[in-house]
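Please open the model in your viewer and keep the selection tool at hand. The tour goes from one selection to the next and says what is there.

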Amino acid sequence: LELVAVEARRHRHRLVEPLAGVVVHRRRAAAVVGHLQTDLRGELLDRVDEAQSAVLHQETDRAAVHAATEAVVELLGRTDPIEEEIQREIKANKILIYGKGTKAMPMCGFTRETMHFFEKYGYPYELIDVLSQPAKREALTRLTNWPTLPKVFIDGQFYGDTDILDPMEAKGEVVPLLKKAFDAS
């Protein structure tokens, strides 16, 4: 069941047909549907409930699994508005720092350090304050798998923070990276 849930997330665009073609024992189908409902925090469409009910009442395993799968794919296809906003921000800025505070008033020494890092190169950068936005901080952590702030994006790519950028700078990798990002625009 966990594998089905993982595959639903990883391969949402290829999920409907393979599962629709599988004839599943009714209890197994009901368990899959129930597990996916629980795993996705009960946010599945009403069709999943209908599909589970159909499976439990032996109406049709194949149709029930197909309906449940379509509902899962539809749900997983929805994007989180916060994640959409983050993607727009990343796309709109060649250098983007998600940190604590503003350029005028950084609220964290690491954010200040990251600002100074980029100021020495002379390229424009944007700092977005996520201190008072816990949902956005959580979404960023999920997207980057990086638990701390600041979070730096250069030309749409995530680069961690100065723990990553300082060694890159020492190897001479930052100037070409920035030049490429800004020459491409």
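Begin by selecting phenylalanine 118 and tyrosine 125, both of which are buried (buried means under 20% relative accessible area, exposed over 50% and partly exposed in between, with a 1.4 Å probe and protein chains only). This is a predicted model, in which local features need pLDDT of at least 70 and side-chain atom pairs count only at pLDDT 80 or more, while totals for chains, interfaces and linings use all residues. Residues are numbered from 1 along each chain as its sequence is written, and side-chain values use heavy atoms, with hydrogens and water left out.

Stay with Phe118 and widen the selection to the largest nonpolar core, which has 17 residues and in which Phe118, Ile154 and Leu165 touch the most other members; such a core is a set of buried Ala, Val, Leu, Ile, Met, Phe, Trp, Tyr and Cys residues joined through side-chain atoms within 4.5 Å. At least two residues of this core come from each of strand E1 (95-99), helix H7 (109-119), strand E3 (151-154), helix H9 (162-170) and helix H10 (174-183), where helices (H or I, at least four residues) and strands (E, at least two) are DSSP runs numbered from the N terminus. The most is given by H10, with 5 residues.

Next, select leucine 165: beyond its neighbours within four places in sequence, leucine 165 is in contact with Phe117, Phe118, Val152, Ile154, Tyr159 and Val174, contact meaning heavy atoms within 4.5 Å. A second, separate core has 10 residues, including Tyr98 and Phe153.

Now show the rings of tyrosine 98 and phenylalanine 153, an edge-to-face aromatic pair at 5.9 Å centre to centre and 85 degrees between the planes. Rings of Phe, Tyr and Trp (its six-membered ring) pair if their centres lie within 6.5 Å, with planes under 30 degrees apart counted as stacked, over 60 as edge-to-face and the rest as tilted. Tyrosine 98 lies in strand E1 and phenylalanine 153 in strand E3, 55 residues apart. Tyrosine 98 counts as buried because its relative accessibility is 0%, and phenylalanine 153 is also buried, at 6%. Adding Trp146 and Phe158 to Tyr98 and Phe153 completes one aromatic cluster.

Finally, select helix H6 (residues 81-92) and helix H8 (residues 134-144): which residues meet there? Ile82, Glu83, Glu85, Ile86, Gln87 and Glu89 in H6 meet Ala135, Lys136, Ala139, Leu140, Arg142 and Leu143 in H8.
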